[in-house]
Amino acid sequence: MSYRSKPHCGGQGVYVRHLSRELAALGHTVEVFSGQPYPELDEGVTLTKVPSLDLYREPDPFRTPSWREFRDLLDVREVLTMWTAGFPEPQTFSRRVARLMRRRRGDFDVVHDNQSLGDGLLDIAASGLPVIATLHHPITFDRRIDIANAPSLRKKLALRRWYGFLRMQRKVVRRLPKVLTVSESSRRDIVTDFGVDPAHLEVIPLGVDDVFVPTGPRVPGRIIAMASADAPMKGIATLLEAFAKLRTERDLELVLVATLKPGGPTERLVDELDIAEHVSFVSGLSDTELVEIMGSAELACVPSLYEGFSLPTAELMACETPLVVSRAGAIPEVVGDDGECATLVTPGDVGELTAAIAELLDDPERRAAMGRAGRERVLEKFSWRAVAKATVAAYQEVINHADR
């Protein structure tokens, strides 16, 4: 189950695609239930579309649907929650799937939820189906960072309402027999913020697809960054300020792989810093195009204020792209803390980030060594096949638990 499964931006759609493929390769029958945007899935995996009103789709997010689009009371609830500044999708998606499951109880051995944690999941569990969930990181961190960066009291209050779904997620996740997460950092934060019993949590790191390989040639002066959302937590503002300082002395370009709100905070800051002609935005890339972009940069930057894992970091390492990253959340777990695979800096510190990028740009031998070390670390530690095997073992645990 995945309430949103955007194929190429953000970790959830990537997780769904690669885990489902590897589960199928191990001989299991896999069916993905997803809301919009729907995932790209590989041969052998079935997609069951669970349509919502898709109220947040581009280019018209927060749209009001026509009366002809309404199908049932869940649709009405979805719109009413949006109108009152809440985010309804995790709950309404889980309830739609619970309704579908009433007719298909005998088709499945286990249900795996990908971070919706909607209360419909408890209905599925109550029907007797074994249930497990992946919680990539607690969204409480997103809420704290967004509220701290809100420009007005009115905006802060609106954000508190938006993140109201967290109360539901806390309740649901505490009642599940097994919860998977992707890093020790996320595990600690889930225990602290959601009050989950540590004995119910298991860490299974994410994998990197084999398509991520070194390409080249590197474009002199090109820096790349990834952002799955135009949100303060991704730290893009810190990077833009550092890039503007570096541009006064160097011939550089910045490529942001990101889906941005038109006229949103990132575009406004680019204009304020007068760097628009040196910053390009790309989105909707195929895997091949993404690998080419990742492999074309002299270095990449991951300036996030928090990450539950940061899959783009591992993918960049697989492409042998040297990195400057924040010492935030699980990022040090991904790159290692010895400095061989990345330079680590204090999150949100423009001066430190500027200096670290400049130092790495001036040291081609270190960049090459860092790229090689990063790829070796990915090959050793981050495999989707290993993720699938560990996940199957977790499935068996919850199946055994349900049979008692």
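These legends walk through a predicted model, first as a whole and then in close-up. Residue numbers start at 1 along each chain as its sequence is written, and side-chain values use heavy atoms, with hydrogens and water left out. Because the model is predicted, local features need pLDDT of at least 70 and side-chain atom pairs count only at pLDDT 80 or more, while totals for chains, interfaces and linings use all residues.

**View 1. The whole protein, with 16 helices and 12 strands.** The helices (H or I, at least four residues) and strands (E, at least two) are DSSP runs, numbered from the N terminus. The radius of gyration is 21 Å, close to the 22 Å that the globule rule gives for 404 residues, so the protein is as compact as a globular protein of that length. (That radius is taken over C-alpha atoms, and the rule is 2.2 Å times the number of residues to the power 0.38.) Along the principal axes, the C-alpha atoms fill a box of roughly 65 × 45 × 40 Å. Of the 404 residues, 55% are buried; buried means under 20% relative accessible area, exposed over 50%, and partly exposed in between (1.4 Å probe, protein chains only).

**View 2. Serine 186, tucked into helix H8 (residues 184–194).** How buried or exposed is serine 186? With 0% relative accessibility, it counts as buried. Setting aside neighbours within four places in sequence, serine 186 is in contact (heavy atoms within 4.5 Å) with His136, His137, Pro138, Thr181, Tyr306 and Gly308.

**View 3. An aromatic cluster of Tyr3, Tyr56, Phe62, Phe87, Trp162, Tyr163 and Phe165.** The structure holds 12 aromatic pairs. In the pair of tyrosine 163 and phenylalanine 165, the ring centres are 6.1 Å apart and the planes sit at 40°, so this pair is tilted. (Rings of Phe, Tyr and Trp, the last by its six-membered ring, pair if their centres lie within 6.5 Å; planes under 30 degrees apart count as stacked, over 60 as edge-to-face and the rest as tilted.) Tyrosine 163 is buried at 7% relative accessible area, and phenylalanine 165 is buried too, at 10%.

**View 4. Helix H11 (residues 287–296), mostly under cover.** Here 7 of the 10 residues are buried, namely Asp287, Leu290, Val291, Ile293, Met294, Gly295 and Ser296. What covers them includes helices H1 (11–25) and H12 (311–318), along with strands S7 (219–227), S8 (253–258) and S10 (297–302).

**View 5. Helix H5 (residues 140–148) and the loop that follows.** The buried residues of H5 are Thr140, Phe141, Asp142, Ile145, Asp146 and Ile147, and they pack against H6 (153–162), H7 (165–174) and H8. Proline 151 lies in the loop between H5 and H6, and at 76% relative accessibility it counts as exposed. Its C-alpha atom is 48 Å from that of arginine 105, with the two positions 46 residues apart along the chain counted as their separation.

**View 6. Backbone oddities in three loops.** A cis peptide bond, with omega about -10°, joins glutamine 36 to proline 37, and proline 37 lies in the loop between strands S1 (30–34) and S2 (45–49). Aspartate 54, in the loop between S2 and helix H2 (73–83), is not a glycine yet has a positive phi near 50°. Aspartate 274, in the loop between helix H10 (265–272) and strand S9 (279–282), has a positive phi of about 60°. Aspartate 54 is buried at 12% relative accessibility, whereas aspartate 274 is exposed at 67%.
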